[in-house]
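Work through the exercises below with the sequence and the 3D structure open beside you. Each task is followed by a solution that goes step by step.

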Amino acid sequence: MKTLRICHLYGNLLNTYGDNGNLLMLQYHAKQAGYQVETKLVSLGDDFKADDYDIVFIGGGQDYEQGIIARDIGRLKDELERYIESDGVLLAICGGFQFLGQYYMTAEGQRIECLGIFPHKTERQEGTRFIGDIEIYDEVNQVTYYGFENHNGVTTLGPNQAPLGRVVTGHGNNGQDKTEGMHYRNTYGSYFHGPLLVRNEGLAKHLVALAIANHEAKKGFKSLSQL
C-alpha cells in the first residue's frame, strides 16, 4: 500500500482549541483513499526537508509557546519556502498562519518576527478579541466554509495576497476588509479553530487529493487528473 507522509510542525507546542483534529481528518481521508499514513512530529531543533513530506500541518498556540517557536522556526524558512513553491500541501491555523507572514504583535505589545514567506502582517487588539461563529465564501472553489474564530490578532494581507474566503458572518482576518485566511498555490492559512477540517469535510478531502496527486507525480504514477 502507498504511503502519504505528514509533518506535524511543532505539534507538541501548538494545539489550541483542538487544532490537532485537523491532523486526524487528514489521516482519516488519506486512509479512505487507500493510503497508509506516516505522521512525524517536527519540533524544536529537528530537521525539516521539503522532499520528505506530502502534507505539512501547523496549528495555533498561546503567546508563550509561540514565543519559544519564534526563536527556532527561522532556520526552517528556506526549506518551507521550497516546499510551498513546489506545490506542497500546507495547512496553517491561527498562530501557524501568522508565522508564515512578516510579524505579529503579542497581546502585551511585543513584536515577534516571523518567517516572511508571505507579506501579511498581524497587529493586536487591546482589551478585546474576535470571538464567535464565522462563515466565509471561497470564491475560487465556490464553497462555503463554517468555523469558529477566537483571536486577538488583526491580520492584513499583502496587496496581491488572496484570502481563503470572503466573510459572510463573523470578523475574519481584521474585522474590516472581509478577508479570512489566505490561499497561495497549495498553502492554506486560516483563523478557524474548532477545527476547520472537521466542519468542512470537503476541504479535508481536497487537501488530501492534492497531496495524493503530488505524491503520485513524484513517484512516476499518473496524477488524479490523468485517471
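In these exercises, contact means that heavy atoms lie within 4.5 Å. The model is predicted.

**Exercise 1.** Work out which residues Leu 9 touches, and place Leu 9 within the largest nonpolar core.

*Solution.* Begin with the contacts: leaving aside residues up to four places away in sequence, Leu 9 touches Val 42, Val 56, Phe 57, Ile 58, Leu 76 and Leu 80. Next, turn to the core, which has 60 residues, and in which Leu 9, Phe 48 and Leu 197 touch the most other members. Finally, ask which element supplies the largest share of this core; that is α6, with 7 residues.

**Exercise 2.** Trace the strand order of the sheet that has 6 strands, and find its edges and the helices that lie against it.

*Solution.* Follow the order β2-β1-β3-β4-β14-β13, which gives an open sheet with mixed pairing. The edge strands are β2, residues 36-42, and β13, residues 182-184, each of which pairs on one side only. Neighbouring strands of this sheet are turned against each other by 15 degrees on average, if direction is ignored. At the β13 edge, the pairing with β14 (residues 187-190) is antiparallel and runs over 3 bridges, and here His 183 has Tyr 188 in β14 as its bridge partner. Then add the helices: α3 (residues 77-85) packs on the sheet, where it touches β1, β3, β4, β13 and β14, and its direction makes about 120 degrees with that of β4. Helix α6, residues 201-218, lies across β1, β3, β4 and β14 and runs at about 120 degrees to β1.

**Exercise 3.** Describe the open sheet of 4 strands, and identify the bridge partner of Glu 135.

*Solution.* The order is β9-β8-β11-β12, and the pairing is antiparallel. β9 (143-151) and β12 (179-180) are the edge strands, since each pairs on one side only. Taking the β9 edge, one finds that β8 (residues 130-138) pairs with β9 over 9 bridges in the antiparallel sense, and that the bridge partner of Glu 135 is Tyr 146 in β9.

**Exercise 4.** Characterise the largest pocket by its volume, its lining and the elements that contribute to that lining.

*Solution.* The volume of the largest pocket is about 280 Å³. Its lining has 20 residues, of which Gly 61, Gln 62, Asp 63, Arg 129 and Asn 152 lie nearest the centre. At least two lining residues come from each of α2 (63-70), β5 (103-105) and β9, and β9 is also an edge strand of the sheet in Exercise 3.

Technical notes: Residues numbered from 1 in each chain as written. Predicted model: local features only at pLDDT ≥ 70, side-chain atom pairs only at ≥ 80, totals over all residues. Heavy atoms only, no water. Pairing = 2+ DSSP bridges. Axes fitted to C-alpha atoms, helices over the stretch in contact; angles between N-to-C directions. Core = buried A, V, L, I, M, F, W, Y, C linked by side-chain atoms within 4.5 Å. Buried < 20%, exposed > 50% of the residue type's maximum accessible area, 1.4 Å probe, protein only. 1 Å grid on protein atoms, 1.4 Å probe; cavity = no way out; pocket = protein on both sides within 12 Å on 5 of 7 lines; lining within 4 Å. Points joined across faces, edges and corners; volume = space filled by probe spheres on them.
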